[in-house]
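Here is a set of short exercises to work through with the model open beside you. Try each task before you read its solution.

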Amino acid sequence: MMSVSNLMAGRPEAVAGVELGLELYPAGEWDRVAEKWERLLASAPRPSFFLSRRWVETWMEVFGPRLETSIAVLEYRDTPVAACLLVQSRRKYGLVPLRRISLNASGENPEDTTYVEFNDLVCLPGWEEPVVSRLAEHLSAEQWDEFSLDGFLPGRAYDAVKRAFARFDLEETRQPSYYVDLAALRRMDLTYDGMLNSHRRRMVRQNIRAFSKLGPLILEVAQTTEAAIQMLGELALLNRERFARDGGHSAFESAAFLEFHRKLIQKRQANGGVQLLRLKAGGNTIGIVYNLVSAGKVCFYQCGFNYGLNPKLSPGIATLAQAIPYCLNQGYDDFDFLSGEANYKRMLSTGSRELVWAVFRRRSAAIRSMTAARTAKRHLQRLLRSSK
């Protein structure tokens with residue numbers, strides 16, 4: 001068997017046009033594929049937590065039985081060069097049923113979604129083009145109306161997908177992912193507070209001073225699995241209270257979402273893969289953050305903030321202003337707020353990246369019906385607005 005090190009990684013011109021084998025495994029055979037997946041992911045410059053073995057394994061345990069999931073392994077001369085999940089689901093647009101195939105750990109019902117981000121092909125560098133070409137060939141024989149990439153990282157793999165699926169209609173949404181470059185702060189010998197401009201620094205300090213009147217601020221770190229799960233429960237309660245007050249939907253209303261994260265914490269807390277931090281003052285919880293950690297990168301994934309202490313203050317700003325320096329002092333390189341345009345993310349960050357949500361659509365009868373329904377809905381909305 002040819003070794004991975006001899007597969008000309010990083011030389012796309014050397015692998016152009018090669019023929020790849022593709023083998024599908026059912027979700028129940030993840031254990032047969034897990035080590036191959038892990039080796040392939042290790043070849044990425046900065047492996048994504050959302051593609052890590054434990055994230056995918058946990059997702060398969062919770063959502064695999066609910067969805068039709070298969071694992072595709074692509075090989076060159078019996079050596080794996082790429083792997084991905086192909087998740088089949090059904091959704092409705094109004095009364096129109098659609099068949100969707102999602103790439104990797106996604107495709108759950110909207111109310112249960114785990115919000116995959118920094119999604120990508122698990123692929124040896126330089127092999128994106130032949131891998132995507134073979135994947136497109138396989139999918140051309142499958143029954144689907146939509147092929148979905150959620151939270152995908154722009155780059156070689158995404159460009160290859162757009163070329164391979166160019167004959168399909170594409171609906172693409174791009175969102176910023178704001179972050180703090182902790183490594184740069186460390187190189188410049190700057191504190192996080194010192195990085196902020198005067199207006200942002202003043203806002204942070206005002207919140208810190210005000211909450212400090214309740215008692216000394218203490219940032220607690222969950223050191224055990226039991227403590228982490230207890231913090232997650234308190235975070236979930238705060239999160240649900242906030243969304244209920246604002247008339248929105250909390251992810252923690254989903255039993256499947258909670259089950260997924262309890263299992264993930266049990267698998268990853270001991271080796272530092274998940275991080276739960278709670279800011280307290282005088283016995284009062286100000287806020288809790290739930291972070292995912294991989295390859296020096298901290299992803300700010302979920303939060304629960306106590307808005308009942310003082311409605312004029314921001315418990316989120318106070319909590320994050322303590323959590324980010326903690327991550328800086330722990331030696332992490334990057335604190336990523338993940339996708340979204342929230343003002344606090346922009347205010348507390350040093351830069352932004354871009355992630356893509358893309359849906360490729362076949363021109364099937366179902367898609368034509370959906371398009372007609374969308375057009376009618378937009379037309380009705382225009383009429384209603386013009387009549388006011």
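Helices and strands here are DSSP runs, numbered from the N terminus: H or I over at least four residues for a helix, E over at least two for a strand. The model is predicted, so local features need pLDDT of at least 70 and side-chain atom pairs count only at pLDDT 80 or more, while totals for chains, interfaces and linings use all residues. Residues are numbered from 1 along each chain as its sequence is written, and side-chain values use heavy atoms, with hydrogens and water left out.

**Exercise 1. A buried acid**

Task: find D150, name its strand, and describe the surroundings of its side chain.

Solution.
- Step 1: place the residue. D150 belongs to strand β6, residues 146-152.
- Step 2: check burial and charge. Buried means under 20% relative accessible area, exposed over 50%, and partly exposed in between, with a 1.4 Å probe and protein chains only. A salt bridge needs a side-chain nitrogen of Lys or Arg within 4 Å of a carboxyl oxygen of Asp or Glu. For opposite charge, Lys and Arg count as positive and Asp and Glu as negative; His and the chain ends are not counted. D150 is buried but has no salt bridge, and the nearest side chain of opposite charge, R100, is 5.0 Å away.
- Step 3: look for polar partners. A polar contact is a pair of N or O atoms within 3.5 Å; within protein, one must be able to donate a hydrogen and the other to accept it, and residues adjacent in sequence count only if both atoms are side-chain atoms. The side chains of D150 and S148 make such a contact at 3.0 Å.
- Step 4: list the neighbours. With contact taken as heavy atoms within 4.5 Å, and residues up to four places away in sequence left out, D150 touches S106, G107, V116, N119, V356 and W357.

**Exercise 2. The partners of β3**

Task: which strands pair with β3, and in what sense?

Solution.
- Step 1: set the criterion. Two strands pair if DSSP finds at least two bridges between them.
- Step 2: take β2. Strand β2 (residues 68-76) and β3 (residues 79-93) are antiparallel, with nine bridges; E68 faces Q88 of β3. The two strands form a hairpin with two residues between them, and R77 in the turn has a positive phi of about 50°.
- Step 3: take β4. Eight bridges connect β3 with the antiparallel strand β4 (residues 96-103), and R90 is opposite R99 in β4. This hairpin also has two residues between its strands, and G94 takes a positive phi near 65°.
- Step 4: take β5. Strand β5 (residues 122-123) pairs with β3 in the antiparallel sense over two bridges; A83 has V122 in β5 as its bridge partner.

**Exercise 3. Helix α10**

Task: does the span of α10 agree or disagree with its number of residues, and what does the helix pack against?

Solution.
- Step 1: compute the span. The expected value is 1.5 Å times one less than the number of residues. For the 14 residues of α10 (residues 255-268) this gives 20 Å, and the end C-alpha atoms are 20 Å apart, which agrees.
- Step 2: inspect the start. A side-chain oxygen of S254 comes to within 3.3 Å of the backbone nitrogen of A256.
- Step 3: find the buried residues. They are A256, F257, L258, F260, H261, L264, I265 and R268.
- Step 4: trace the packing. The buried residues of α10 pack against α3 (53-63), α9 (225-246), β9 (274-281), β10 (284-294) and β11 (297-305).

**Exercise 4. Salt bridges across the chain**

Task: how many salt bridges does the whole structure have, and which parts does the pair of E57 and K267 link?

Solution.
- Step 1: count. The search of the whole structure finds 31 salt bridges.
- Step 2: examine E57 and K267. Their closest N and O atoms are 2.9 Å apart. The pair links helix α3, which holds E57, to helix α10, which holds K267, across 210 residues. E57 counts as buried because its relative accessibility is 10%, whereas K267, at 27%, counts as partly exposed.
- Step 3: examine D336 and R353. Here the closest N and O atoms are 2.6 Å apart. D336 is in strand β12 (residues 334-339) and R353 in strand β13 (residues 351-361), 17 residues apart. D336 is buried at 0% relative accessibility.
- Step 4: widen the view. R46, R186, K297, D333, D334, D336 and R353 are linked in a network of salt bridges.
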